[in-house]
Amino acid sequence: MLGNDHPRTLNALNNLASSHRLLGDYRAARGYDQQVYDRQRAVPNNDRNPITLRAASNLGRDLREAGEYQRSVNLLRGVADDYAKAFGADSRYALNASTNLAVSLRSAGSADEAAPLLQTAYERLTDSIGPDSPDTLACRLSWSLNLLSMGDTSRAAAELSGVLEAYEKSLGPLHPHTLVCVTNMSAVARAEQDSARARTLAETAAREISGVLGNEHPYALAAAMNLAIVTAETGEMQQAATQMAKITAGLEQVLGPDHPDTVRGQANLALARRVRRGPVVAEEEISERLKMRLGPNHPAVEAFGEHRYLHRVLDPHPF
């Protein structure tokens with residue numbers, strides 16, 4: 001009725017992409033967001049139009065979910081800069097864009113570069129729209145995970161506990177955002193070497209996320225892998241290896257064989273089998289695949305080289 005390029009059509013296409021993203025269908029979301037972005041970019045001098053910037057921000061997230069971390073960073077650097085120029089560096093839009101960029105930076109292995117972006121965004125969002133705003137909580141969640149990746153476990157635990165409490169109060173105990181905090185808390189407990197608590201949290205998260213989103217949702221597969229890791233670390237190697245093989249097959253089907261999460265799953269499976277049977281031939285191949293997908297200096301590559309399991313943390317965002 002209105003044409004492919006009408007703002008209302010593009011808004012509807014954006015909403016369709018968001019729905020696919022929430023369902024875990026990142027390929028479909030990326031395709032729709034790419035359409036919105038391309039149509040907007042085809043209009044001269046339209047780079048800082050709100051619809052263009054929103055589409056670019058969403059596309060940056062889609063690239064991250066697809067495991068193309070550096071491409072996501074490259075796109076979101078420009079998005080964050082354009083938002084700041086169009087609306088002001090302290091605007092809600094610019095701070096959300098900065099947070100989005102920071103998550104991709106951490107995903108690409110640059111948690112140190114992400115840290116000041118997240119801290120600044122969290123402080124300014126808290127001041128401008130309040131500590132319980134969805135944007136502020138999402139930023140605080142990502143900041144806590146960045147603290148965890150940098151080894152500041154105690155601060156990560158405190159910040160993540162605060163987000164979990166806020167989500168439980170505002171969204172309820174079974175909302176996906178709440179449950180994501182639970183699986184992330186299991187990662188914190190692992191870092192604190194509290195294996196019993198890590199397993200309890202991982203069991204709860206895996207069970208409830210699967211119940212809410214389905215067994216094949218990427219979040220459910222990530223939570224299941226986190227449970228398999230703590231299962232292995234508590235000595236139940238055969239059960240853990242069986243779980244990891246099943247989960248990795250699911251990741252390959254849902255995300256594709258070359259997605260970093262799939263390769264991480266293969267890495268975890270290789271480590272579990274190493275404990276049971278000794279070194280396996282596939283380790284060198286897996287190491288090369290991790291380097292190819294993440295870069296040779298990525299923390300996940302280093303962890304696998306040190307025979308440490310690769311835990312998956314999750315950042316849901318209201319972008």
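1. A helix here is a DSSP run of H or I covering at least four residues, and helices are numbered from the N terminus. The model is predicted. In these terms, D82 belongs to helix α4. With a relative accessibility of 19%, D82 counts as buried, because the class takes in values under 20%. Leaving aside residues up to four places away in sequence, D82 touches D47, R48 and L53.

2. The next points concern aromatic rings. The count of aromatic pairs comes to 4. One of them joins Y83 and F87, whose ring centres are 5.9 Å apart and whose planes meet at 35°. The pair is classed as tilted, because an angle of 35° is neither under 30 degrees, as stacking requires, nor over 60, as edge-to-face requires. Both residues lie in helix α4 (residues 69-87), and because they are 4 residues apart in that helix, about one helical turn separates them.

3. Y83 and F87 fall into separate exposure classes: Y83 is buried, with a relative accessible area of 9%, whereas F87 is partly exposed at 37%. Y83 also pairs with Y93, and this pair is stacked, with 6.3 Å from centre to centre and 10° between the planes. Here the link runs between distant parts of the chain, from Y83 in helix α4 to Y93 in helix α5 (residues 92-107), the two being 10 residues apart. Y93 is partly exposed, with a relative accessible area of 48%. Y83, F87 and Y93 together form one aromatic cluster.

4. Helix α5, which contains Y93, also packs against helix α6 (residues 111-129). In general, a pair of packed helices is described by the angle between the two axes and by the distance between them. For α5 and α6 the angle is about 155° and the axes are 8 Å apart. The two helices are therefore roughly antiparallel, since the angle is over 145 degrees. The crossing of α5 past α6 is left-handed.

5. Which residues of α5 and α6 meet in this packing? On the α5 side they are R92, L95, N96, S98, T99, L101, A102, L105 and R106. On the α6 side they are A111, E113, A114, L117, L118, A121, R124, L125 and I129. By character, the residues of the contact divide into 11 nonpolar, 3 polar and 4 charged.

6. Two backbone positions deserve comment. Q193 is not a glycine, yet it has a positive phi of about 60°. Q193 is found in the loop that runs between α9 (176-191) and α10 (195-213). Is Q193 buried or exposed? Q193 is exposed, because its relative accessible area of 73% is over 50%.

7. The second position is H307, again a residue other than glycine with a positive phi, in this case near 60°. H307 sits in the segment after α15 (299-305). Its relative accessible area is 40%, so H307 counts as partly exposed, a class that lies between the limits of 20% and 50%.

Methods
Residues are numbered from 1 along each chain as its sequence is written. This is a predicted model: local features need pLDDT of at least 70, side-chain atom pairs count only at pLDDT 80 or more; totals for chains, interfaces and linings use all residues. Side-chain values use heavy atoms; hydrogens and water are left out. Buried means under 20% relative accessible area, exposed over 50%, partly exposed in between (1.4 Å probe, protein chains only). Rings of Phe, Tyr and Trp (its six-membered ring) pair if their centres lie within 6.5 Å; planes under 30 degrees apart count as stacked, over 60 as edge-to-face and the rest as tilted. Axes are lines fitted to C-alpha atoms, for helices over the stretch in contact, and angles run from 0 to 180 degrees between N-to-C directions. Angles under 35 degrees count as roughly parallel, over 145 as roughly antiparallel, 65 to 115 as roughly perpendicular and the rest as oblique. A crossing is left-handed if the near helix is turned anticlockwise from the far one by less than a right angle, and right-handed if clockwise. Contact means heavy atoms within 4.5 Å. Ala, Val, Leu, Ile, Met, Phe, Trp, Tyr, Cys and Pro count as nonpolar, Asp, Glu, Lys and Arg as charged, and the others, Gly among them, as polar.
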